[in-house]
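Trainee: Got a minute? I'd like to walk through this fold with you.
Mentor: Sure, put it on the screen.

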Amino acid sequence: MNSLKTVEDLRRYIREIKDFPKKGINFKDITTLLADAKAFSFAIDMLANRYVKEGIDYVVSVEARGFIIGSVLAYRLGAGIILVRKQGKLPAKCNYKSYDLEYGSATLEIHKDALKEKDRVIIADDVLATGGTALATIDLITGFGAIVVETAFLAELTFLKGREKLKPYAVFSLLSY
Ligand code: AMP
């Protein structure tokens, strides 16, 4: 593939899978972006450059694809990564929040001692769809009195209006669909 110059050049690395995981869902498959060394580093650098001067203490990410984005972004920002997981996966005592997905529903958990008041946090994930996952994660973070500086995504499905659901929290995405 050609070299990457602008953020729009990333679009061709995201593969679209029709009717996955069920009929009517047009799944944005980022494994093709992750597998390309240049596209992966370009995407992470675009996000890291945006936050490098923001004094970010932690990147918070939701399993599973969110961990891939969040961990490299945290490393680049000199920040820690905090894991938000589906119910029953985290070992220590947790706070929890139930939420709706584009397809189904779930409960997310975060360790009770994961954050403290005034910590500066960004949420990082691969795709913003309905915003249910990000909103539940915001609730978990603000429950500590921590500050959500922004929510950051590789791609946003604008027709699902996740950005509106997350108001007044700021949303940044590299690509819009
Ligand atoms: P939502 O809570 O609706 O914003 O969904 C967010 C999560 O579901 C993200 O972490 C995505 O990984 C995944 N997701 C939802 N819809 C899609 C889609 N059409 N393509 C790829 N991932 C999706």
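Trainee: Which residue in β4 is the bridge partner of Y58?
Mentor: G80 is the partner of Y58 there. Helices (H or I, at least four residues) and strands (E, at least two) are DSSP runs, numbered from the N terminus.

Trainee: How many bridges join β3 to β4, and are they parallel or antiparallel?
Mentor: 5 bridges, and the two strands run parallel. Two strands pair if DSSP finds at least two bridges between them.

Trainee: What am I looking at, source-wise?
Mentor: A predicted model: local features need pLDDT of at least 70, side-chain atom pairs count only at pLDDT 80 or more, and totals for chains, interfaces and linings use all residues. Residues are numbered from 1 along each chain as its sequence is written, and side-chain values use heavy atoms, with hydrogens and water left out.

Trainee: What is the strand order in the open sheet?
Mentor: β5-β6-β4-β3-β7-β8-β9, 7 strands with mixed pairing. At the edges sit β5 (94-100) and β9 (171-176), each paired on one side only. The twist averages 25° from one strand to the next. Angles run from 0 to 180 degrees between N-to-C directions, with axes as lines fitted to C-alpha atoms, for helices over the stretch in contact.

Trainee: And how do β4 and β6 run, parallel or antiparallel?
Mentor: Antiparallel, with 2 bridges joining β4 (residues 80-86) to β6 (residues 105-111). R85 has E109 of β6 as its bridge partner.

Trainee: Which strands does helix α3 touch?
Mentor: Helix α3 (residues 65-77) packs on the sheet against β3, β4, β7 and β8. Its direction makes about 140° with that of β7. Contact here means heavy atoms within 4.5 Å.

Trainee: Which strands does α2 lie across?
Mentor: β7, β8 (147-156) and β9, with α2 running at about 155° to β8.

Trainee: Switching to the interior. How many residues are in the largest nonpolar core?
Mentor: 31, and L10, L73 and L77 have the most contacts inside it. A nonpolar core is a set of buried Ala, Val, Leu, Ile, Met, Phe, Trp, Tyr and Cys residues joined through side-chain atoms within 4.5 Å. Buried means under 20% relative accessible area, exposed over 50%, partly exposed in between (1.4 Å probe, protein chains only).

Trainee: Which elements give two or more residues to that core?
Mentor: α2, α3, β7, β8 and β9. α2 gives the most, with 7 residues. Apart from that core lies another of 24 residues, among them I110 and L166.

Trainee: Why call helix α4 largely enclosed?
Mentor: Because 8 of the 11 residues of α4 (residues 132-142) are buried. They include T133, I138 and L140.

Trainee: What's the nearest side chain of opposite charge to D125?
Mentor: R65, 6.1 Å away. D125 is buried yet has no salt bridge. That needs a side-chain nitrogen of Lys or Arg within 4 Å of a carboxyl oxygen of Asp or Glu. For charge, Lys and Arg count as positive and Asp and Glu as negative, while His and the chain ends are not counted. D125 sits in strand β7 (residues 120-128).

Trainee: Backbone oddities next. Where are the cis peptide bonds?
Mentor: One joins F20 and P21, with omega about 0°. Another runs from E63 to A64, with omega near -5°. A64 lies in the loop between β3 and α3.

Trainee: And K118, is its phi positive or negative?
Mentor: Positive, about 75°, although K118 is not a glycine. Most residues other than glycine have a negative phi. K118 is exposed, at 57% relative accessible area.
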